[in-house]
Amino acid sequence: MLFGLSLYFDLLLGLVTLIISVVLYLRYNMSYWERHGIPYIKPNLLLGNFDELLIKRVPTGLFGQNMYERGAGHPMVGIWALQTPSLLIRDPDLIKNILVKDFNYFCDRYSGGDGDFDPVGRKNLFMTNNPHWKTLRTHFSPIFTGNKLRNVYQIMMEISDGLTDYYKEKCGQDGATFELKDLYTSSIEVISSCMFGIKANSIRDPDCTIVENANKLINNQIKRLLEITIYFMVPQLIDIFRVQLAGSTTNFFRNLCWDSIKQREKNGIKRGDVVDCLLKIRNESKFEDDMIVAQTFIFFAAGFETSGTTTSFCIHYLAAYPEIQERAREEAMAIKEKYGSFTYESLSEAKYIESIIQETLRLYPPMPILNRICVKDYKVPDMDFVIKKGTPIFVGIMGMHKDPEYFPEPEKFDPDRFSDERKADIKPQTYMPFGEGPRICIGMRFAMLSIKLSLCSFLTNFRAERCAETQFPVKLVLGTLTMMPENGLNVKVVPLTSCK
Ligand code: HEM
């Protein structure tokens with residue numbers, strides 16, 4: 001009996017010692033930034049500052065904005081990605097150093113991590129680390145030159161005309177209420193046709209395989225939201241939970257990739273698009289099969305949602321601000337009258353419409369947080385502080401876009417901030433919806449072109465109006481990485497012919 005009691009006592013003592021040791025370790029780890037003399041945002045003992053994302057399920061953009069605001073007055077603040085001490089950079093000059101000038105120290109992303117599981121999710125141009133990233137970027141950059149964009153512009157126009165016809169049929173004489181997800185479908189069609197040479201006819205056939213799989217990528221079921229949050233914000237968990245970034249669509253992308261390559265080899269046509277690049281990479285480099293598939297996946301995934309969301313938010317804002325819409329329409333009409341149609345060249349005259357897109361991207365940047373990882377110890381200029389190799393780095397774009405110091409009255413929708421007269425007032429590295437530096441969005445010009453064309457076509461054929469279902473301000477889905485409206489974006493679309 002005495003022996004039994006003593007065993008229990010020993011076990012209890014061991015357990016208490018273990019708990020105390022773990023707590024002491026966690027507390028020590030959470031004092032990392034204090035010990036390094038860096039101001040920090042008070043963390044949760046277990047989840048660091050990511051409790052907001054993982055438990056409170058704050059949308060990622062707002063999470064970044066909260067952290068940014070709580071770090072006011074400091075060039076950078078310490079946070080914890082779970083247990084990993086990380087930095088949120090706030091100062092525009094330091095951001096420039098990290099993203100541009102001293103890129104060699106921060107050339108990899110934190111998202112995705114560097115494990116081997118899920119090559120489709122991890123080894124694509126967006127996620128992959130060096131030296132693969134550099135090889136891939138060099139291969140894919142020529143797809144986005146001015147000449148190549150001019151070549152695919154005709155395809156964009158056909159898709160935009162198809163969408164206009166579809167809206168006209170659906171609107172009838174008096175107009176109809178639309179959940180703007182048709183604009184997503186149109187973006188899917190733009191990406192699949194321009195990047196892969198695949199005409200999916202998805203606007204007329206929204207149940208086709210390509211749309212079905214695109215929808216799986218952006219659905220807001222908790223499992224999908226967690227997969228994406230883990231991938232971007234806590235990649236340490238990817239291997240543990242065996243998360244796949246393409247989720248259940250991974251095999252769809254495998255088939256899409258190899259079918260497109262086989263088809264292209266068979267017909268021998270050169271289009272200078274993603275598929276041509278995939279062929280070249282496969283023939284020239286030592287990339288494994290799934291690393292080729294990974295590129296198919298990322299051009300599709302990074303391209304359609306971002307452009308679709310931005311076009312939808314633009315039209316939503318046009319419905320909310322009729323006077324801005326009218327001014328934009330006058331500009332689009334004048335261009336159409338001058339050139340007969342919206343040619344590639346003529347779109348460069350749509351300056352006000354461009355500023356509407358820029359202002360929409362300021363308020364709703366589809367990718368609201370940038371991240372990098374420090375790949376070798378970095379002495380911060382003008383500070384007695386070295387960022388250690390392996391430290392995750394975050395830049396909260398949304399926080400900067402909503403900082404009244406850089407954008408007075410930040411919640412006001414004011415496209416004139418980006419007018420020729422005023423845009424010089426915008427401090428560099430405070431407006432970065434496409435990121436910055438060598439890892440800036442490779443599809444930026446492509447995206448701006450297709451969104452501008454969609455808006456010009458829309459404005460010269462329809463008027464967007466508020467309706468009972470229009471929600472203002474928009475509520476975002478909790479726990480998403482991107483800007484997903486909770487109840488969709490609904491507006492009434494009225495054909496211009498029936499407007500007084
Ligand atoms: C409104 C539309 C879009 C927005 C706002 C957007 C935004 C972004 C952002 C913020 C990044 C990260 C940049 C950084 O870390 O500095 C990025 C990267 C990327 N985007 Fe986009 N994007 C858009 C459209 C597109 C399109 C249409 C494509 C493809 C056709 C695309 C393909 C990519 C790729 C492949 C990367 C990774 C680049 C690299 O790491 O080298 N994006 N995008």
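On a 1 Å grid over the protein atoms alone, a cavity is a set of points where a 1.4 Å probe fits but cannot get out. A molecule sits in a cavity if more than half of its atoms lie within 2 Å of its grid points. By that test, the ligand here sits in the largest cavity.

This is a predicted model, in which local features need pLDDT of at least 70, side-chain atom pairs count only at pLDDT 80 or more, and totals for chains, interfaces and linings use all residues. Residues are numbered from 1 along each chain as its sequence is written, and side-chain values use heavy atoms, with hydrogens and water left out.

**Around the ligand**

- Of the 29 residues around the ligand (a heavy atom within 4 Å), R109, W133, R137, R372 and C441 come nearest.
- Helices (H or I, at least four residues) and strands (E, at least two) are DSSP runs, numbered from the N terminus; those giving two or more residues to the shell are α7 (132-140), α15 (289-320), β4 and α19 (444-461).
- Helix α15 makes the largest contribution to the shell, with six residues.
- For polar contacts with the ligand (a pair of N or O atoms within 3.5 Å), the side chain of R372 places an N or O atom 2.8 Å from a ligand oxygen.
- Backbone N or O atoms also take part: one of E436 is 3.2 Å from a ligand oxygen, and one of L125 is 3.4 Å from a ligand oxygen.

**The four-stranded sheet**

- Strands count as paired if DSSP finds at least two bridges between them; on that basis β1-β2-β7-β4 is the order of an open, mixed sheet.
- Its edge strands are β1 (76-81) and β4 (369-373), each pairing on one side only.
- Strands β2 (84-89) and β7 (392-396) are parallel and share two bridges, with L88 partnered by F394 in β7.
- Helix α5 (92-101) lies across β1, β2, β4 and β7 and runs at about 115° to β2; contact means heavy atoms within 4.5 Å, and angles run from 0 to 180 degrees between N-to-C directions of axes fitted to C-alpha atoms, for helices over the stretch in contact.

**The three-stranded sheet**

- A second open sheet, antiparallel, has the order β3-β9-β8.
- Strands β3 (176-179) and β8 (462-465) each have a single partner strand, so one side of each is left without a neighbour in the sheet.
- Four bridges link β3 with the antiparallel β9 (490-495), where V493 stands opposite A176.
- Helix α19 packs on this sheet, touching β8 and β9, at about 95° to the direction of β8.

Notes. Polar contact = N/O pair within 3.5 Å; in protein donor to acceptor, adjacent residues only side chain to side chain. 1 Å grid on protein atoms, 1.4 Å probe; cavity = no way out; pocket = protein on both sides within 12 Å on 5 of 7 lines; lining within 4 Å.
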